[in-house]
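Here are some exercises to work through with the model open beside you. Try each task before you read its solution.

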Amino acid sequence: MSSTLSAEPVFQPSAPFYATFYYPWYQAPAIDGRWGGWEGHGNHPPATWFSHYLPDLDATQFDPSQELYSAHDPAVLYWQLRKMAEARIEVAISSWWGAGVQTDQAFAFMIGDVMQRPDNPYPNLRWALYYEAESTGDPTPQAIADDLNYIATHYADEPAYLQIDGKPVIFVYADNTDDAALTQRWHEANQLAGRPFYVVLKVFANYRNVTPQPDSWHQYAPAVRTSDQSPYSFGVSPGFWLDTANTAPRLLRDQAEFRAAVEAMVAATATWKLITTWNEWGEGTAVEPGDPVVFNPATGREEYDASGAPFQNEYISVLAELLPPLESGTGEKGAPPPTPLPGGTLPPPGFSFAAGGDHGGNDRTTATLGRVGKSGVDFYLALGDMSYSDIMPESAWCTYVQQQVGTEFPFEVLAGNHEDQPGENGFIDEFAQCLPDRLGVQGLYAHRYFFDYPSNAPLARFILIDPALDRSGARFEFCKNGETENCDWLKARIDEAQTRGRWVVVAMHKNCITMGEKSCEIGQELLDLLVSKKVDLILQGHEHLYERSKQLVLNANCPTLPVNAYAADCVADAGVSKRFTRGAGSILVVAGTMGAKLRDVALNDPERPYFAAWMGANEQPSYGFVRYAISACAIYAETEAALGNYRDEFVIATAAETNPACAGVSAPPPAQGNLVSTGAQLTPSMATTLTATTSTSSSAPVNITMIFPSGAVTEATTVTLTVTAPATTTAARIKQSAPALQEGGLTDLQFTVEAVTAGGVTQTRFMQPYTVTVRYADANVSGIDEQRLALRVYNPAVQSWAALVTQPDAANNCLAAAVNRPGAFGVTVVAGALQPPVADPLPCAGMGVQLFLPNILQQGECCLER
């Protein structure tokens, strides 16, 4: 049985609406293969472009080649979303020129993809479309209705689309010749459309007296500082300077005037409070951060205009100061760096970096390098195997890399077996020449070197080595077969860092233990050294797959870590919580997934029990790298797939006993309520019974939570929670819209089943698909039709409830539904039209399955069948 989802947003802002006009028509070669929106009126970007200003994506540089952006670039869209949240804008009105055209495609990407991503920095932003076809003619009512039906089908039910009283909102532009006929055409079109829209027309002469009236009115007049159309709308403009030959500014930019205009807008009694515009760069009306430019005839390029009106973030700052706080916050769930799985919240990272190996120069490599370039990390560690001769010579491959990540980005290289000596795949010393060190490393760059980061207040030491590789014509080893020079150097670098309280990350190309095809090429002695020193991370490439170990340790029962075998005593923490304690052992991460063709993971490998996560050609194949965020208290790591959907994450946290300042990181979530559990330990493949009791008054809801480690929940596991209420229990939960219950023996219990760790940390997700079954006692409550009972699913990524196809079985008092959508968590039982509001009750915090049972239940049994 498959599920059918019909999403509805849990949040819509209320009037007055602080909104801005948004233009998604911009294109750039790196994303779209061409310039668009910047090249008008005879311009040739990036030398010249259609605007007197340059968007200021990076306040530290002036770079038209990078800052003339694309509306299809997720990094740019995230930047814009953050800026809109900073400016306290609630609604973005996106220019729309019809189905299938560029503005339609860009809007589809924004509302159907970016807005639904779990790390979207502003999920509560709402969108509406600006219907532009009226500016070039008078479309017929039927043509308008066809467009409305298209919008209704493709966008109106997206959680981020603005609705008022259940009607999707659309703004309509108009030309100077429009009159009362405009309102008549839109009135007829709205009747012809399959779904009514909330229509906001552009004003014209005598608009207040025409019949019929639309839902509301607005003015689009960026050439004037303010436009008061109360009680409908009030608009403000920062300035207007069309970039055409010999055109003077129609409205000069003036910070003081803009501030006064915004103050008047905030004080106005208008439904729509409009900032005109967010990013209409050609007309010079943007409040989005920018810099003034001037054409230099000597160079034939537009350059920064130091004499121009101050711009940058000043308009955003004015809005942030004067507009009221966002009605329900940003709704942000997981903007980078993501909140990890462990209890508590990680402090802001001091820095972040990415690492991966086995690159090449193919389409997969282009995708992964492009993702690195947009990831925002401070540097990247290339763990060997560079070009694979896909792009030669070495200098050409370096140029290819820099086109993706930037010419000054620290792309730190380390030798791999494909380039450790001159040959058809290139030579590491040549790669090191064209991708030079930019971090001030010590040692022999690309072979054996180290650095502390950040240099001014180091949190971590990075040690990069080249065991089992050739260097200057000789094979170099570390500790293997009694080798001492490199081994002693490595020991000293580790000891120095640990004495100073720094995280220690050791990286190399080749492997020892692995679920792939490679043997222990680096030597068991080197692996034993690193594990005995309890370095925090061991990073490798070489294997064309991803694998992450459990936390490994040497001790009296495990004096050496055996290869081609498994010793349970060598595992300090199996990692079922994906949370590890700093100093307890070492975690090995192999990520040879940057572009070279993936290989299979050997699921029958004798070393498999050392590993907690893996991916390869036969297991969720994906290409990408691993991103690490490091603070004084924790390392948070997550895979980032440029191609494919595989995801893994883990955290190493400093215990509060070691550093009291890290108590918020390592402390589990506080207990809630007065539930008392036996604390029985759930283990895989073992039947376990948990019992709990709670004492509460008959009028209070009871919350029951099952907590178990992820290893206890497999595809064959059935988790059952059974609750029996006393016969005297009656309850009617606050704000529940079910009918009042007079019969005795009824209860209103809230059942919660979450996938969490033994330490009380919520897991990321259940494996898909799973089936939810609810069984209930038949109370025969008047006014509730059991055939209309239905299950609903909550998706925290898009903050919406959605209906599931439910199979009611009234004869056996049972409901069942299949959940087959990644990221969908939480199920609520509703009684048809008598269901509670979708925002009440709130979904459980984090991820998991939550069952809310209505008042028809005397005793309930809810099962999560996996």
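**Exercise 1.** Find which residue forms a salt bridge with Asp466, and classify both partners by burial.

*Solution.* Step one: the partner is Arg471, with the closest N and O atoms 2.8 Å apart. A salt bridge here is a side-chain nitrogen of Lys or Arg within 4 Å of a carboxyl oxygen of Asp or Glu. Step two: Asp466 is buried, at 0% relative accessible area, and Arg471 also counts as buried, at 9%. Buried means under 20% relative accessible area, exposed over 50%, and partly exposed in between (1.4 Å probe, protein chains only).

A note on the source: this is a predicted model, in which local features need pLDDT of at least 70, side-chain atom pairs count only at pLDDT 80 or more, and totals for chains, interfaces and linings use all residues. Residues are numbered from 1 along each chain as its sequence is written, and side-chain values use heavy atoms, leaving out hydrogens and water.

**Exercise 2.** Work out where in the chain the partners Arg461 and Glu496 sit.

*Solution.* Start with the pair: their salt bridge has its closest N and O atoms 2.6 Å apart. Next, place them: Arg461 lies in strand 20 and Glu496 in helix 12, 35 residues apart. Strands (E, at least two residues) and helices (H or I, at least four) are DSSP runs, numbered from the N terminus. Finally, check burial: Arg461 is buried at 2%, while Glu496 is partly exposed at 26%.

**Exercise 3.** Classify Lys518 and Glu517, whose side chains meet in a salt bridge.

*Solution.* The N to O distance is 3.7 Å. Lys518 is partly exposed at 22%, and Glu517 counts as exposed at 54%.
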